[in-house]
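Morning, everyone. I have one model to show and three stops to make. Let me put it up.

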Amino acid sequence: MSSSAEKIEDLIGQEYKQGFVTELETETFEPGLDEDVIRRLSKIKNEPEFMLEYRLKAFRHWQKMAEPDWAQLNIDPIDYQAISYYSAPKKKEDKPQSLDEVDPELLETYKKLGIPLDEQERLAGVAVDAVFDSVSVATTFKGKLKEAGVIFCPISEALNDYPELVQQYLGTVVPTGDNFFAALNAAVFTDGSFVYIPKGVRCPMELSTYFRINAANTGQFERTLIIADEDSHVSYLEGCTAPMRDENQLHAAVVELVAMDNAEIKYSTVQNWYPGDKDGVGGIYNFVTKRAECRGVNSKVSWTQVETGSAITWKYPSCVLLGDNSIGEFYSVALTNNFQQADTGTKMIHVGKNTSSNIVSKGISAGKAQNTYRGLVKVAKSADNARNYTQCDSLLVGDACGAHTFPYVEVKQPSAQVEHEATTSKISEDQLFFCQQRGLSAEDAVSMIVNGFCKDVFKELPMEFAVEAQALLGISLEGSVG
Amino acid sequence: MLNINNLHAGVEGKQILKGLNLQINPGEVHAIMGPNGAGKSTLSHVLSGKSGYEITQGSVSYQGRDLLDMEPEDRAREGVFLAFQYPVEIPGVSNIYLLKAALNAIRKHHGLNEVDAMDFLALVKDKVKLLQMDEKFLYRAVNEGFSGGEKKRNEILQAAVLEPKLCILDETDSGLDIDALKIVADGVNSLRSQDRSFLMITHYQRLLDYIKPDFVHVLADGKIVKSGGPELALELEAKGYSWVEGQAA
Ligand SMILES: Nc1ncnc2c1ncn2[C@@H]1O[C@H](COP(=O)(O)OP(=O)(O)OP(=O)(O)O)[C@@H](O)[C@H]1O
Ligand SMILES: [Mg+2]
């Protein structure tokens with residue numbers, strides 16, 4: 001191998017800037033999982049009776065299920081009894097706290113992460129729900145949103161304040177027994193965000209949830225539920241980070257979106273969980289079930305994800321297009337580096353007439369990483385004139401990584417049009433040298449080429465996130481061309 | 001400005017440059033001609049710092065510094081520019097983005113601020129006009145889908161924006177049609193100045209009708225075997241390389 005190829009491989013040294021630990025007093029369950037743990041969990045959260053039933057049913061189902069093994073992933077066995085299922089910073093009292101009452105340690109943590117929770121400091125136009133291990137510690141702009149009729153609060157709070165609303169929708173998009181990790185989540189989820197946008201309301205600000213894992217030996221089981229009622233619109237952002245630890249930690253989330261007639265949900269993620277070190281030690285196992293139902297006519301759901309973190313990513317944000325003329329979109333950048341593995345993609349299920357879906361996936365693989373796109377486009381008999389367009393591109397950086405593409409297509413309606421395009425390319429030494437000859441460092445050149453490769457996805461992100469995402473890719477590719 | 005002394009270089013164990021000497025002073029235009037495989041592109045790569053070449057003997061000083069000791073990007077920032085014989089494509093990165101990133105990297109190196117967005121646009125549009133290119137090329141991905149001639153013209157656009165001190169043109173004329181040759185030559189001529197030097201690699205005397213060189217050299221088998229004024233190119237055209245190669249032996 002020439003020295004320049006080695007340089008490209010070196011380029012991928014990763015410097016993870018969110019890897020610190022916050023020291024604070026916590027209330028943490030002993031590791032282990034049984035019905036008793038679930039009862040305690042439900043009790044500590046002061047949940048309505050139906051929730052406990054829901055959890056127990058899911059748990060019993062989960063016990064009979066096996067981990068999925070079809071993904072292109074190498075996973076060390078997970079000991080579910082070695083995980084603690086609840087960890088939360090100790091509170092003075094146990095009822096909702098206003099922002100002024102939040103532990104300064106926590107405020108400092110979020111500040112360090114670039115997420116000031118002070119409403120004055122916060123960039124105007126973005127409301128934040130901050131989830132720390134198993135609980136939401138603060139939610140900003142709740143009052144202002146309420147004036148517009150928008151409910152934005154931790155799901156644990158919604159279960160107390162709006163139990164009927166939650167009960168009406170929870171588990172209707174991702175049923176408790178949907179898959180192994182979704183069942184586990186249904187049994188033990190602790191917090192996440194709840195959003196309800198009433199009829200005819202355009203949410204006046206961007207909503208966002210910032211997930212932080214802090215405690216060791218815990219799992220984070222987040223649950224998010226977003227309902228956009230008729231003629232409403234919402235843009236939601238999600239970010240995530242965790243400390244650097246040598247042990248793998250489990251994050252198993254479920255996100256459900258419901259869009260009614262003419263409603264639109266834009267859901268953006270910048271996932272930056274700790275990816276493990278350069279030898280593949282540690283990192284988050286990220287098993288996520290994200291699904292949207294476009295229930296109403298002309299409804300639209302758009303998933304945009306930038307996945308740079310996690311040791312393992314198993315995630316397929318999907319759209320079930322039930323309403324006629326409904327639209328599903330999936331824009332994804334997945335960057336894997338060192339020993340990271342990602343098996344990610346989407347499912348677009350066309351049921352309604354004239355439904356359309358658009359998939360743009362950009363996979364970047366560097367170091368010894370493996371990056372897999374797995375996508376399903378399914379057109380039911382009922383979906384007259386359904387349309388899908390899929391563009392699936394892979395970029396390899398160096399010689400030791402891999403990119404794989406598994407597109408599945410099932411079409412039962414002859415009038416459907418399904419198109420798929422795929423490319424694989426590699427950053428060449430000649431491209432790098434050309435850029436260097438124009439005055440750019442090799443690092444900046446790789447970052448420029450990678451960002452150019454991801455352009456079509458970044459332009460789908462809200463402005464503020466696009467900048468963050470670009471910077472994040474830069475960091476992930478930082479630190480090593482000699 | 002540039003002083004190449006007894007340069008020996010090779011790649012993958014194959015010796016290509018075998019004792020090359022060349023001196024270029026500020027403001028001079030040197031043309032290098034020579035048969036295919038003589039080592040002309042190799043010379044341009046060694047001077048600009050492409051990896052993979054082994055320097056076995058000799059030295060190159062550039063503005064008093066050891067050029068061979070500098071990183072390729074530092075050579076570029078210090079004013080060494082290579083217009084490639086085969087420019088690469090960079091999908092997804094627009095021409096204008098590359099130009100701006102490159103200009104800013106060079107400015108930063110010299111302790112200057114980033115160029116103002118409006119000033120930059122004005123500058124670039126001016127140069128685009130100079131090379132009679134369509135502004136649309138600025139927003140297309142670098143060289144992607146460009147015709148052979150368009151790529152060459154694009155290289156000179158980059159030189160015009162980045163204003164290097166030593167401009168190495170590796171067969172920039174190859175692949176240009178007659179009109180484009182004239183336009184590119186005009187562009188190069190407009191860049192000529194007292195402190196900017198050129199090293200032009202070409203196979204065709206015609207280019208030298210448009211860009212008058214101060215010196216013409218013949219590179220054969222890894223060495224400069226003959227040097228002279230512009231008339232040498234005419235003589236070569238008439239007699240072929242065997243004439244000089246025979247003389248050198
Ligand atoms: N990577 C390589 N491995 C082996 N041989 C090489 C390599 N690169 C260049 N060469 C050889 O070195 C010699 C000089 O090549 P170079 O490209 O410098 O020639 P040139 O003078 O530019 O020719 P042309 O006029 O055709 O462009 C050629 O014989 C070429 O095949
Ligand atoms: Mg050549």
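**A buried lysine, a hairpin and an interface**

Start with a side-chain pair in chain B. B:K151 and B:E89 are joined by a polar contact of 3.3 Å between their side chains. Keep in mind that this is a predicted model.

Where does B:K151 sit? It lies in helix α6 of chain B, which covers residues 148-162. Buried or exposed? B:K151 has a relative accessibility of 16%, and the cut-off for buried is under 20%, so this lysine counts as buried. Now its neighbours. Leaving out residues up to four places away in sequence, B:K151 touches B:P87, B:E89, B:N143 and B:F146. So B:E89 turns up on both counts: it is on that contact list, and its side chain makes the polar contact with B:K151.

Second stop, still in chain B: a hairpin. Strand β11, residues 215-220, runs antiparallel to strand β12, residues 223-228. How many bridges join β11 to β12 in chain B? Five. To place yourself on the ladder, find B:V216; across from it, in β12(B), stands B:G228. Now look at the turn. Two residues separate the strands of this hairpin. B:D221 takes a positive phi there, near 50°.

Last stop, the interface between the chains. Chain A puts 19 residues into the contact, and chain B puts in 31 residues. Together the two chains bury about 2,100 Å². Carbon and sulfur atoms account for 63% of that area. Which residues of chain A lose the most area to chain B? They are A:F433, A:F434 and A:R438. Together these three make up 35% of what the chain A side buries.

A:R438 has a second role here. Its side chain meets that of B:E155 in a salt bridge, 2.8 Å from N to O. The count of salt bridges between chain A and chain B is two. As for polar contacts, 10 residue pairs link the chains, with both residues at pLDDT 80 or more.

Which helices of chain A supply this surface? At least two residues each come from α1 (3-10), α9 (429-437) and α10 (442-458). The largest share is from α9(A), with seven residues. By type, the chain A side divides into seven nonpolar, nine polar and three charged residues.

That's the tour. Over to you.

Definitions and conventions
Residues are numbered from 1 along each chain as its sequence is written. Chains are lettered from A and ligands numbered from 1 in the order in which they are written. This is a predicted model: local features need pLDDT of at least 70, side-chain atom pairs count only at pLDDT 80 or more; totals for chains, interfaces and linings use all residues. Side-chain values use heavy atoms; hydrogens and water are left out. Helices (H or I, at least four residues) and strands (E, at least two) are DSSP runs, numbered from the N terminus. Buried means under 20% relative accessible area, exposed over 50%, partly exposed in between (1.4 Å probe, protein chains only). A polar contact is a pair of N or O atoms within 3.5 Å; within protein, one must be able to donate a hydrogen and the other to accept it, and residues adjacent in sequence count only if both atoms are side-chain atoms. Contact means heavy atoms within 4.5 Å. Two strands pair if DSSP finds at least two bridges between them. Buried area is the accessible area (1.4 Å probe) that two parts lose on being put together, summed over both. A salt bridge is a side-chain nitrogen of Lys or Arg within 4 Å of a carboxyl oxygen of Asp or Glu. Ala, Val, Leu, Ile, Met, Phe, Trp, Tyr, Cys and Pro count as nonpolar, Asp, Glu, Lys and Arg as charged, and the others, Gly among them, as polar.
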